[in-house]
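I opened this entry to keep track of what I looked up, starting with strands and ending with charged pairs.

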Amino acid sequence: MLDVAFGEANQTREATELLSKLREVNPTGTLYIGYPLLSAADGRLQIDALLTCEEFGVVAFDLSGQGEQPQQGWIDSLSRLHNDMFVGLETKLKEHRELRKGRNLAFEIRTVTLAPRLPDCALPEDVIVVTPGSLLGILSKGAPLERSLLQYVNAAIQTTSTMKPRKKRANVTGKQSKGAIVKEIEKQIANLDRWQKKAAIEYPEGPQRIRGLAGSGKTIVLAQKAALLHAKHPDWQIVVTFNTRSLYQQFRALIQRFHFEIARDDPDWTKLRVMHAWGSASTAGVYSEIARANGKAARDFGYAKEKFGSGLAFSGVCKELLSEVSIEQAVQIYDLIIIDEAQDLPQEFFQIAYGAVKQPKRIVWAYDELQNLGDYTMPPAETIFGRDPSGRPRVSLRNLQDHPQQDIILRVCYRNTPWSLTAAHALGFGIYRPEGLVQMFDDVGLWTEIGYEAVDGALQLGRQVKLSRSKDASPEFFSSLLNPTDALRLSLFDNAERENEWVAQEICRNLEHDELEADDILVIIADLLAVRSRGAALMRTLQKHGMGAHIAGITSSRDLIFQDDSVAITSIHRAKGNEAPMVYVVGAEACFGGWDLSRKRNIIFTAITRSRAWVRISGVGSNMEKLVAEVGAVETSGFQLQFTYPTEDEINKLKRIHRDRSDNEVASIKKDVESFERLIHMIDAGEIALESLPEKIQAILRSGLRN
């Protein structure tokens, strides 16, 4: 099957004819159009199209149409182009030992010019010019490419070979230890799947949305896209932004590695900048830079919290800026904005970003809706960016055939085991919660898009359904290297001290016997209000056992999660965007019930999905016991999700009941509850007669007493 990745500037007659002819035979491989970009002695070399397939091998195409009207010096110019394409590709591919046979490549590279008609003149032996009619005949004369080589060729072409693990793991000696398993997982070939390939390489002239589960590669493809477009357009002002500060170093490192692979040079960090969405007094952010560019004050968190409340702080300052500067009149300071973690940013931020980006409004945003930890959900693009003064949506997404895709879904989860991911979804949605669902997708089709299939019932509103992870939604190495019993474990304790002691003993075992390293482990405190106190207690317990530990952003840098020889303890907000082979979720009982239940369930979902192999969830009390029962139901079901899909009205009711509430709302509700409890106590004590209350309240109370 031929997969096609459309880069920039690919809608030419020659590109269309090339694709049409190749589809007639449908070879097994990939056709890259407008890609790759190679480093050359005198700058960058853009390959018009590149075919990598089993049947025809590796073929680089010139689609400039130079053969149509040969002029003086045309043959020399064409010969130089073919030589440059050959040398550029050979140099890139020879860097990879797997692709060499001795000192040469283990396969042939051919360069071909596709022209409307053959030139009426002799050509050098190494310059091949074909017409659409003769293309397939010429291609069939080449040597096939072994399948085992094809995956390495694509890894090199896609620059994902640069993602090979930097850790040598020299301490690993056992064949069955956890360290050995992680080492094997990290060795897996780094080919992008067909959806990641489109997300990283394809660039429509305008907005693009990328959706996917945690671990589907969103951050990696965004970093690759930023590096590629910076290399192609070094004069562009590009900004990469996000909500989690700890992503800063990760993005910088990824972009640097990808850019060096493409251009053999470091990025120009004055043109390609990595910035937090908000910023601070000492560090530039997208919001603060846009505000200052428009001559307005950039508000800090202290101001925003006091005026709008902590939960609505960022949306408040963005909305305030929109009231001062219209989107249509805003100063345009960026050529491209790339937004990660979009689910955690308010739609007002997208609107000020839209105003700050030059035409054709190059905005790329990526998200996983279930990782939403704030007050925001991800509505359609038409809603996020709003409407212009004439009432038309500023952004509408369309996927046109044989064009770069504007809306891409990453279907495969490479980070999480299928068992942990299913359990995470069960807890996140409340599938096996005795009191019923907490939340649910409005669009039933999203379940299939994120890698589930209906094995019983019907995936329809109001119908019973049983869902299971599709086989092609997880890589094969999980089932061959891991098992569900060890991948996901829950533990219940009498008190937090015993829980801390157990976590410390388990981590000690991980380091001393399992051959894991300190930065292979991430401890997430589930209760947002207890990160300092609980983290400090756990850190002392770890230190008592002779292990180094730090609380990210509190006892260490706010921009880094992991440190050598020190176990990272953190909140879910700082953990987002990061991952580790072994994840401990401590104090998980905080996520079972109470106010803001959707947010709490999203916290435990996000915490579980930080893991690349193993998850250990622990907690105390009856709420933890109930969480254990929920996961037990997942295991009993064979890691399937069985439930009745709510109707549209029921979904809207869930949103109202379990939605996030502001601090003032919660305080007001708590005050009302306390007043109600006092009233009941006074009735029970005989201080107030039930009959003295208003009839409506009497009826409600009598009904409750009967039940």
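**Strand β1 and its partner**

I began with one residue pair: Asp3 stands opposite Thr30 in β2. The model is a predicted one. I then looked up the strands around that pair. β1 and strand β2 (residues 29-33) run parallel and are joined by five bridges.

Next I checked burial along β1. Five of the five residues of strand β1 (residues 2-6) are buried, so the strand is largely enclosed by the rest of the structure. I noted the two faces separately. Leu2, Val4 and Phe6 lie on one side of β1, Asp3 and Ala5 on the other, and all are buried, which leaves both faces covered.

**The six-stranded sheet**

I looked up the strand order of an open sheet of six strands. The order reads β19-β24-β23-β20-β22-β21, and the pairing is parallel. Which strands stand at the edges? They are β19 (488-493) and β21 (549-551); each has a single partner strand, so one side of each is left without a neighbour in the sheet. I also took down the twist: neighbouring strands of this sheet are turned by 20 degrees against each other on average, direction ignored.

I picked one pairing to follow in detail. Strand β20 (residues 521-525) pairs with strand β22 (residues 567-570) in the parallel sense, over three bridges. Within that pairing, Ile524 has Thr570 in β22 opposite.

Then I looked for helices on the sheet. Helix α19 (residues 531-544) packs on the sheet and touches β20, β21, β22 and β23 (580-586). The direction of α19 makes about 175 degrees with that of β21. α21 packs on the sheet as well, touching β20, β23 and β24 (611-620). For α21 I noted an angle of about 140 degrees with the direction of β24.

**Salt bridges**

I turned to the charged pairs. Side chains of opposite charge can pair when their charged atoms come close. How many salt bridges does the structure hold? The count is 37. I wrote up three of the pairs and one network.

Arg264 forms a salt bridge with Glu95, with the closest N and O atoms 2.1 Å apart. This pair links distant parts of the chain, 169 residues apart: Arg264 is in the loop between α8 (247-263) and β13 (272-276), and Glu95 is in the loop between α2 (74-94) and β7 (100-101). Arg264 counts as partly exposed at 32% relative accessibility, and Glu95 counts as partly exposed at 38%.

Glu205 forms a salt bridge with Arg362, the closest N and O atoms being 3.6 Å apart. Here too distant parts of the chain are linked, 157 residues apart: Glu205 is in the loop between α6 (194-201) and β11 (208-212), Arg362 in the loop between α12 (347-356) and β15 (363-367). Are the two partners buried or exposed? Glu205 is at 48% relative accessibility and counts as partly exposed, whereas Arg362 is at 9% and counts as buried.

Glu630 forms a salt bridge with Arg601, and their closest N and O atoms are 2.9 Å apart. Glu630 is in helix α22 (residues 621-636) and Arg601 in helix α21 (residues 597-608), 29 residues apart. I found both Glu630 and Arg601 buried. Helix α21, where Arg601 sits, is one I had already listed as packing on the sheet.

Last, I noted the network: salt bridges link Arg169, Glu186, Arg415, Asp520, Glu579 and Arg612.

How values were computed
Residues numbered from 1 in each chain as written. Predicted model: local features only at pLDDT ≥ 70, side-chain atom pairs only at ≥ 80, totals over all residues. Heavy atoms only, no water. Salt bridge = Lys/Arg side-chain N within 4 Å of Asp/Glu carboxyl O. Helix = DSSP H or I, 4+ residues; strand = E, 2+ residues; numbered from the N terminus. Buried < 20%, exposed > 50% of the residue type's maximum accessible area, 1.4 Å probe, protein only. Pairing = 2+ DSSP bridges. Axes fitted to C-alpha atoms, helices over the stretch in contact; angles between N-to-C directions. Contact = heavy atoms within 4.5 Å.
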